[in-house]
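Student: I'm new to this structure and would love a close look at one part of it. Could you walk me through the salt bridges?

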Amino acid sequence: MSTTTVSQLDKVKDGPWSGGKSPWNLEYGKIMMWFFLVSDAFTFSAFLLYYGAQKFAQPTWIDADKIFQSVPGIVEHGQPLVFVGIMTFILIMSSVTMVLAVDAGHRNQKHEVVKWMLWTILGGLCFVGCQAIEWTHLHHEGFWFGRNPATGLEGEAVAQALAPYFSKEISYTAALQFSNLFFTITGFHGFHVSIGILLNIIILSMTLNNTFEKRGTYLMVEKVGLYWHFVDLVWVFVFTFFYLI
């Protein structure tokens, strides 16, 4: 009767330190979503790094407490960062409801998936709506792409128009750069939120049509959830750069 000789290397491979489950043993679509999110993170990082470079290269900058001190339609002055705080809370809560939708999908609970996806969509719509209100308010004050409240003015009129938004030295260039970068970066993020809302609506429709019930898996909910959490995380950095720093 022959005996099989097992090498020391084979013993290591079969032992408790063999490595377990491969980290690459993931569904193809989920890996591709991660690749997309990483590449998109580089884009947002470039925008925010450029904003930071421009801000700290200037001797003065727009004061966030002065420009974001209104609650549009309710209070015009004296409530710094309250409105954007509400926006942030709404987006974070929509991320929570997305987590609950993904968890319900893991448990194959269709009705719960529908319920939490509806709340997620509602949160996204509220956030985008609040952002549109904020943009409209700033536009009425004179801020827009390539413009600020002092555009077209000369001499002392420039300082008078910009004085309410600065705590220190007044700079037309700084105000113009802030205006351009604010609408570009928050607009780019708002575009991502809008795409996320559309994806969530598609997933909700597929859930209602029993698409995932027939497949036996709600993995698509998890994939879209990754995108939605990414959008939420990016807003934390946008909020920090524009409203807090």
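Tutor: Happy to; here is a walk through the salt bridges and the residues that form them. This is a predicted model, in which local features need pLDDT of at least 70, side-chain atom pairs count only at pLDDT 80 or more, and totals for chains, interfaces and linings use all residues. Residues are numbered from 1 along each chain as its sequence is written, and side-chain values use heavy atoms, with hydrogens and water left out.

The structure holds 3 salt bridges, each being a side-chain nitrogen of Lys or Arg within 4 Å of a carboxyl oxygen of Asp or Glu. In one of them, Glu222 pairs with Lys30, and their closest N and O atoms are 2.9 Å apart. This pair links distant parts of the chain: Glu222 sits in helix H9 (residues 219-244) and Lys30 in helix H2 (residues 28-57), 192 residues apart. Helices here are DSSP runs (H or I) of at least four residues, numbered from the N terminus.

How open are these side chains? Buried means under 20% relative accessible area, exposed over 50%, and partly exposed in between (1.4 Å probe, protein chains only). Lys30 counts as buried because its relative accessibility is 15%, whereas Glu222, at 21%, counts as partly exposed.

Now turn to Arg107. Arg107 forms a salt bridge with Asp103, the closest N and O atoms lying 3.2 Å apart, and another with Glu112, where that distance is 2.9 Å. Through these shared partners, Asp103, Arg107 and Glu112 join into one network. Arg107 is partly exposed at 40% relative accessibility, Asp103 is partly exposed at 37%, and Glu112 is partly exposed at 26%.

Notes
Helix = DSSP H or I, 4+ residues; strand = E, 2+ residues; numbered from the N terminus.
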